[in-house]
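Visitor: Hi, could you walk me through this one?
Guide: Happy to, let's bring it up.

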Amino acid sequence: MTWIAAIPALPAIAFIALILMPGAVRNRSLWIPVGAIVASAALSIAAFFQTVPGEHGITEAVWRASWVLGTVDGAPLMLGMSLDAVTAVMLLTITLVSACVHVYSLSYMGHDARKGLYFAELSLFTSAMLLLVLADNLLLLFAAWEVMGLCSYLLIGFWFEEDEPRRASQKAFLVTRVGDLGLMFALVAIFKTCGTWDLATVLGSVGEWAPGVTVAIAIGLLLGAMGKSAQVPLHVWLPDAMAGPTPASALIHAATMVAAGVYLVARTLPIFEAAPAVQMATLIIGTVTALVAGLLACVQHDIKKVLAYSTISQLGLMFMALGAGSIVAALFHLVTHAFFKSLLFLGAGSIIHATDTQDMREMGGLRKVMPFTWGFFTIGSLALAGVVPLSGFFSKDEIVLSLQHAGQGWAVALLFVASLLTAFYMTRLYARVFEGPSKIAHAHESGRLMLAPMGLLVFATLVLGWMAPLFARFLGHEAESLPLAVALTSTVIAAAGIGLGWFMFHLRGVDTEVLKARSPLVYAAFARKFYFDAFYDAVFIRPFGVGARGLWAFDRRAIDGVVNGLASLARGTGQRLRRLQTGRLQSYQRLVLSAVVILMACVMIYVAMTGA
Amino acid sequence: MRVGLEAFLILSAVLFSLGLFGAVSKKGAVQVLMSLEVMAVAVNINLVAFSRFLTPLTMDGQFFTIFAMVISAAEIGLGLALVLAIYRRSRQSEVTGLNELKG
Amino acid sequence: MPSTVDGIAFAVLAVALVGGALGMLTTKNIMHAGFWLLEVSVAAAGVYFLLDANYLALVQLLVYAGAVSVLIIFSVMITLRRREDAVRPRDLSWQAGLLALAFAGMMIAAIAAYAWPVAGMPAGAPDLVAFGTRLFAPHGWALPFEIASVVLTAALVGAVWWSRKEDE
């Protein structure tokens, strides 16, 4: 089954091939990346069927392979992959969503001068993420993790000629770096404790670790996950990252990369279970994130930012599930979210493409103009709000169940609040964009290349929800049927949210100005994104800037001064010494004579002193 | 009073210094050559004095002096020829004019 | 008695030498300087006589006084256009004087401080026959003598070369 290695290899080869081409040729070779990802998707489906029926569960791999790359200090450096149920599910999700994004991008980025490079970066990114989920040791996972960080930087800042994407990509990179430090620390600690990075070995030996070590490693892993998955307080990069091309946002920031943090925690959950305090912290962080992001999503005017905050909020839900110890719930929500969130992003891209703006205040009445987009987007929104019978409903309720099993009733209540907010702000978005008077004259429906991938994602959204029990069994857990109480409660909450939103935004047409008028303080807090960015700016960015400028001045004046000073010293000395070369016989004579006289004097003094 | 070796040596040193002074100061080529001759004379006196006082029987210093005189004569002949050549080229015979080595 | 004569003779000759050198340095007229050089050469011959180097003294008179000084005077005359050109600035720089003074001072100090192995003039002074025998002895100075001849020939050729007319 070594063909499984081709799954991440094909997009990687596509990337290398595209990079080596000159720009013009690259722009015409888009069949290479698209073909690679479609092939990877096909292989992922095959791999999935290899893993069915999945009775092996999470800890047993269907296939493992290792290649030795070299030796470090006598120990062999291995590149290893393993395929188990979790990996199979992730492979399917990643390749299918990526394939949809690739096809969609053919149309969306069709006029961009550097589209070839864009596709190359998409391929590299997909390859890295696939490698991450296939990795059987933490070092390889980390390497893939870092490559994804790089791709995120490249894709966010794809239109680097503008100010905003440039800054956003730097911000994304630096903020996730903070999390990555935690991850690096955890990796070092793991190696010191276990002597290896092999996941199976590491997870198997968790029982023997000292409690302090376990907690420290768990914290490190959690930090890394928080950075990549945009949990509070490391969430600030994701809304800004919307400056990149929308299909890239769909892939990276909705469906796959941000899910890497969730995947990491899911994979290493035994470590968290051995450090209950950290697991509780995960739950709390997830809850806070879900609420904070949900609130901020209600006041955004940029359609992509609403979706960004929504993503952060949903990732918070996944962390809550992990905090409650349920891999099934977290991963199920991850998968369903991947499909409907990327559907929403692609729909947003379609809207942006048609209306040439991202500001919802300039949109309206698109329902009649773009029926397909309207239909797809609405389905996605309902899934996100958790309306039956769409996938979101099922996955959210799985999380509720897991929280109940863990005995965290308070978290359940807060989750319902977050769900209410979700329904609320999505209705707001819907009302502003699709209902009401049409403000755009030239809007038109998007082409088939953009609609077809969305259609596929809609299909997944419709169908996945019913697969919850299968999913659970596939991952080796008991399937539980949904209690009616939970189902009813969540439906009521969703309906309430939608109703409230409809009332406020469609029927009454209010928006943030009301908030501003009623309570300027609260409005300010919302407008400044609860001051996270302001805090980081004041505490970290500005002092760093001062320090950097100071060092620059030092470098210029002191170091360059010394270097230039030496140079001018040499030159000046040369100029002055030059005057010795008069060319005149007698100057030379005098010089020689002086030298002789001085030497004689030295000798005589020496002789006199040593008493000859 | 007896005239000792030191007297001759000191005389020679003084004469040599005077010649040196002239060689280093004078600007005319001929004058420089003349100063060099004075220096040569001083050296010869030195040699002969040493010969007379330290090796009176083998007279080494005197022979040395003979050959020194030969060389001096050759030198002066060539030197003057050079001065004439310079004079012919530039109508003056000052050493300050010869400064192609100026840096 | 001989020592007193020696002493007086030495004093006179010393004054002549030093005075002549000084005269040569300080005069503004080149012609005069040439004559001063002549005088120095003659006084040096006197010193040689004092040192019992008779043959050397005669050679000195012949070569230096007779040929070298005369040669110098002749070349000066050739390069003079008018009688007035003989007069030039004195050209004595104090830096050079200082250096020469320092040099002389140190030499004198070294000479005076050294313990010379001989107090007065030794007795024996070989005569001309001995001088000649030594000069032409193969184990003596014959080889340098021949080499000296070669040097003179080379100098002769060189001088002729340098003084030839420019090609027309």
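**Chain B and its contact with chain C**

Guide: Let's begin with chain B of this predicted model: along the sequence, chain B reads α-α-α.

Visitor: How many helices and strands does chain B come to?
Guide: Chain B has 3 helices and 0 strands.

Visitor: And how much of chain B is buried?
Guide: Chain B has 103 residues, and 56% of them count as buried.

Visitor: What about contacts far apart in the sequence of chain B?
Guide: Taking contacts in chain B between residues at least 6 apart in sequence, 51% join residues at least 24 apart.

Visitor: Now chain C. How many residues does each chain bring to the contact with chain B?
Guide: Chain B brings 61 residues and chain C brings 68.

Visitor: Which elements of chain B are on that side?
Guide: Those giving two or more residues to the side touching chain C are α1 (5–25), α2 (29–54) and α3 (60–90) of chain B.

Visitor: Which gives the most?
Guide: That's α3(B), with 20 residues.

Visitor: What's the makeup by class?
Guide: On the side of chain B that touches chain C there are 44 nonpolar, 11 polar and 6 charged residues.

Visitor: Switching to chain A, what's the average pLDDT?
Guide: Chain A averages 84, and 93% of its residues score at least 70.

Visitor: Which elements of chain A have the lowest and highest mean pLDDT?
Guide: Helix α24 (residues 512–518) of chain A has the lowest, at 68, and helix α15 (residues 303–323) of chain A has the highest, at 92.

Visitor: How should low pLDDT be handled?
Guide: Where pLDDT is low, don't read the predicted coordinates in detail.

Terms used
Residues are numbered from 1 along each chain as its sequence is written. Chains are lettered from A and ligands numbered from 1 in the order in which they are written. This is a predicted model: local features need pLDDT of at least 70, side-chain atom pairs count only at pLDDT 80 or more; totals for chains, interfaces and linings use all residues. Helices (H or I, at least four residues) and strands (E, at least two) are DSSP runs, numbered from the N terminus. A residue is buried if 20 or more other C-beta atoms lie within 10 Å of its own, exposed if 12 or fewer, and partly exposed in between; C-beta atoms are placed from the backbone. Two residues are in contact if their C-beta atoms, placed from the backbone, lie within 7 Å. pLDDT is the predictor's confidence in each residue, from 0 to 100. Ala, Val, Leu, Ile, Met, Phe, Trp, Tyr, Cys and Pro count as nonpolar, Asp, Glu, Lys and Arg as charged, and the others, Gly among them, as polar.
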